[in-house]
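I opened this notebook page to keep a record of what I looked up, one topic at a time.

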Amino acid sequence: MPAIADELRCNQKTVRRWLHRYNRLGLEGLEDLGGQGRKRRITEAERSRIIGLVKQAPPGRLTVQADGELAAEDESGPPE
């Protein structure tokens with residue numbers, strides 16, 4: 001196992017765990033189990049909305065208009 005761990009650049013414990021899974025379940029044991037780790041705290045719709053908001057220019061940030069002039073989208077917003 002040390003040679004396998006060295007070649008894969010991982011811990012021997014990791015190699016042992018995968019080997020046991022392979023011995024127990026065969027090739028299916030090498031597939032990702034999924035469902036591991038912490039569950040998301042926000043929905044996909046909320047995530048999409050946040051990403052959309054982040055991509056927008058913040059209020060008060062100057063942008064170049066079509067005529068070449070600088071203008072703020074919301075002049076009452078904080079300056080950037």
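The entries below cover a surface patch and then three single residues.

Entry 1, the patch. I was working with a predicted model, and I began with the nonpolar side chains on its surface. I found that Met 1, Ile 4, Leu 8, Trp 18, Leu 19, Tyr 22, Leu 27 and Leu 30 form a nonpolar patch there, and that together they have about 770 Å² of accessible area. I then looked up which helices supply the patch: α1 (2–8) and α2 (12–25) each provide at least two of its residues, and α2 gives the most, with 3 residues.

Entry 2, Leu 30. I placed this member of the patch in the loop between α2 and α3, the latter spanning 44–55. Leu 30 counts as partly exposed because its relative accessibility is 42%, which lies between the limits of 20% for buried and 50% for exposed.

Entry 3, Pro 2. I located Pro 2 in helix α1 and noted it as partly exposed, since its relative accessible area is 43%. I also looked up its separation from Gln 12, which is 10 residues along the sequence but 6.1 Å in space, taken from C-alpha to C-alpha.

Entry 4, Arg 21. Is Arg 21, a residue of helix α2, buried or exposed? I recorded Arg 21 as buried, because its relative accessible area is 12% and the cut-off for buried is under 20%. Its side chain reaches the backbone oxygen of Gly 29 at 2.8 Å. Leaving out residues up to four places away in sequence, I listed Gly 26, Gly 29, Glu 31 and Leu 33 as the residues that Arg 21 touches.

Methods. Residues numbered from 1 in each chain as written. Predicted model: local features only at pLDDT ≥ 70, side-chain atom pairs only at ≥ 80, totals over all residues. Heavy atoms only, no water. Patch = residues over 30% accessible without salt bridge, like charges linked within 9 Å, V, L, I, M, F, W, Y side chains within 5 Å. Areas by Shrake-Rupley, 256 points an atom, 1.4 Å probe, with all protein chains shown as cover. Salt bridge = Lys/Arg side-chain N within 4 Å of Asp/Glu carboxyl O. Buried < 20%, exposed > 50% of the residue type's maximum accessible area, 1.4 Å probe, protein only. Polar contact = N/O pair within 3.5 Å; in protein donor to acceptor, adjacent residues only side chain to side chain. Contact = heavy atoms within 4.5 Å.
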